[in-house]
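Hi everyone, thanks for coming. I'd like to walk you through a structure that may be new to you, so let's put it up on the screen.

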Amino acid sequence: ALALGRAGWQVAVLERAARFAEVGAGIQIAPNGMAALELLGVGERVRAIAVRMDELRFLDALTGRQVACVPLTGEYEGLFGHPYAVVHRAQLHALLLEACEAEPEVSLHAGCAAVEYVNEDGRASVVTASGERVSGEVVIGADGVRSALRRQMVGDGDPLVCGITVFRTIVPMEEVPRDLRALRSVTWWAGPGCHLVHYPIAGGKYLNLAPSKETGITEAFAAVPVSTEHVLGELDVLGPAARRVLELGRDWHTWSMIDRRPTRVWTDGRVALLGDAAHPTLHYTAQGACQALEDAVGLANLLSAGDPASVPEQLGRYSALRMERTARIQRLGRASIRFWHAAGPAADARNAALAAMSENELHGFLSWMHGPDAVRDLRPSPAVSVPASVGQGA
């Protein structure tokens with residue numbers, strides 16, 4: 001909505017929830033995501049609430065030994081043009097919401113769940129759960145991994161449950177031991193059938209904890225409260241150093257990890273999918289939000305010419321521009337399960353391979369995801385005045 005409003009479109013955002021709000025904890029923003037936020041005009045404000053990371057650390061969760069470290073300052077920022085930062089998800093959402101509220105071309109409508117779309121007479125419409133029809137030049141389905149618009153467009157049913165449970169909480173930093181409190185890193189502890197990630201968020205006020213385990217679950221669920229004893233029991237394989245971090249957690253909630261297979265169907269006439277509605281991925285690549293941000297600035301760039309007649313063509317160009325890159329990230333998310341959850345000889349081989357990589361090799365491995373080429377061609381054109389459009393909120 002912000003990208004299209006800044007490009008001159010009149011945008012109506014239909015949000016299914018009763019109010020505009022966000023839940024969740026930490027979110028990682030690699031340089032490609034920071035570059036997209038710059039193009040949205042909020043880069044400076046994001047940097048003010050973010051914690052810039054100095055390194056990505058990979059440790060063996062059984063032995064506690066560091067396997068590899070990817071420096072994120074100096075040469076990394078020189079290569080990729082922006083820092084690697086972490087923020088509290090609710091803070092980032094609030095910042096983008098405030099920017100939309102200040103954008104005169106954007107109007108926000110809560111309690112409006114879209115259940116289907118219609119292409120007709122050179123226009124597009126969404127039908128809400130209340131039966132209202134809202135029309136415009138284009139409909140953008142940003143309604144998440146359980147997208148109603150995707151269900152109609154692609155017809156691939158419910159999301160895939162991958163058999164992994166993730167647990168999340170945040171810990172006030174004053175409760176964190178001093179040696180951990182001083183770390184400005186995203187730390188991964190890789191164990192057999194599980195892993196633990198932690199990093200500071202909210203300007204360093206909290207430590208975000210996110211362990212995951214292969215539990216074999218087959219049903220989707222989200223934000224279910226769970227006891228500390230349950231979490232510790234599920235992750236009892238962790239060695240003393242990793243368990244020391246895990247034991248800091250309180251007020252845990254749990255999610256089943258879900259995604260979808262890549263699809264080549266993102267558009268239908270004047271309707272397009274965006275973000276998790278188009279390409280939901282597992283969190284192992286830490287690229288879900290970054291890819292949605294790339295979608296936003298890329299789509300706004302293509303629609304900035306302001307010609308309503310060209311909308312279907314531009315939506316086709318948008319999907320062609322974004323499809324292969326996001327599918328590669330989706331596939332990497334799935335493949336990462338075997339990598340991070342390896343056991344025995346496979347874990348030993350992984351550790352040896354990572355330990356043998358130089359700093360340049362580690363940066364090179366990340367370059368296709370984090371590098372400036374990902375957003376270089378997404379820069380918006382000058383804004384123009386065009387007819388009203390409709391956006392479907394997540």
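About 30 Å³ of space lies in the second largest cavity of this model, which, please keep in mind, is a predicted one. Which residues line this second largest cavity? They are Phe58, Leu59, Val67, Ala190, Trp340, Arg350, Asn351 and Leu354. Two elements give two or more residues to that lining, namely β4, residues 55-60, and α12, residues 345-355. Of these, α12 brings the largest share, with three residues. If you sort the lining by class, you get six nonpolar residues, one polar and one charged.

Now let's turn to the other cavity. By the rule used here, there are two cavities of 30 Å³ or more. The largest holds about 40 Å³ of space. Around the largest cavity you'll find Met173, Leu180, Arg181, Leu183, Ser185, His198, Pro200 and Leu207. Here α7, which is 178-181, and β14, which is 194-201, each supply at least two lining residues. By class, five residues in this lining are nonpolar, two are polar and one is charged.

You've heard me mention β4 and β14, so let's look at the sheet they belong to. It is an open sheet of eight strands, and if you follow along on the screen, the order is β5-β4-β13-β14-β15-β12-β17-β16. The pairing in this sheet is mixed. As a quick reminder, strands of a sheet pair through backbone hydrogen bonds, in either a parallel or an antiparallel way.

Why is one side of β5 and of β16 left without a neighbour in the sheet? These strands, β5 at 66-71 and β16 at 224-226, stand at the edges and have a single partner strand each, so one side of each has no neighbour there. Going from one strand to the next, the twist averages 25°.

Let's zoom in on one pair. β4 runs parallel to β13, residues 185-191, and the two are joined over six bridges. One bridge to pick out is that of Glu55, whose partner in β13 is Ser185. You may remember Ser185 from a moment ago, as one of the residues lining the largest cavity.

Last stop: a helix next to this part of the sheet. Helix α13, residues 359-370, lies across β4 and β5. What angle does α13 make with β5? The helix runs at about 70° to that strand.

That's my tour, and I'm happy to go back to any part of it on the screen.

Key. Residues numbered from 1 in each chain as written. Predicted model: local features only at pLDDT ≥ 70, side-chain atom pairs only at ≥ 80, totals over all residues. Heavy atoms only, no water. 1 Å grid on protein atoms, 1.4 Å probe; cavity = no way out; pocket = protein on both sides within 12 Å on 5 of 7 lines; lining within 4 Å. Points joined across faces, edges and corners; volume = space filled by probe spheres on them. Helix = DSSP H or I, 4+ residues; strand = E, 2+ residues; numbered from the N terminus. Nonpolar A, V, L, I, M, F, W, Y, C, P; charged D, E, K, R; others polar. Pairing = 2+ DSSP bridges. Axes fitted to C-alpha atoms, helices over the stretch in contact; angles between N-to-C directions. Contact = heavy atoms within 4.5 Å.
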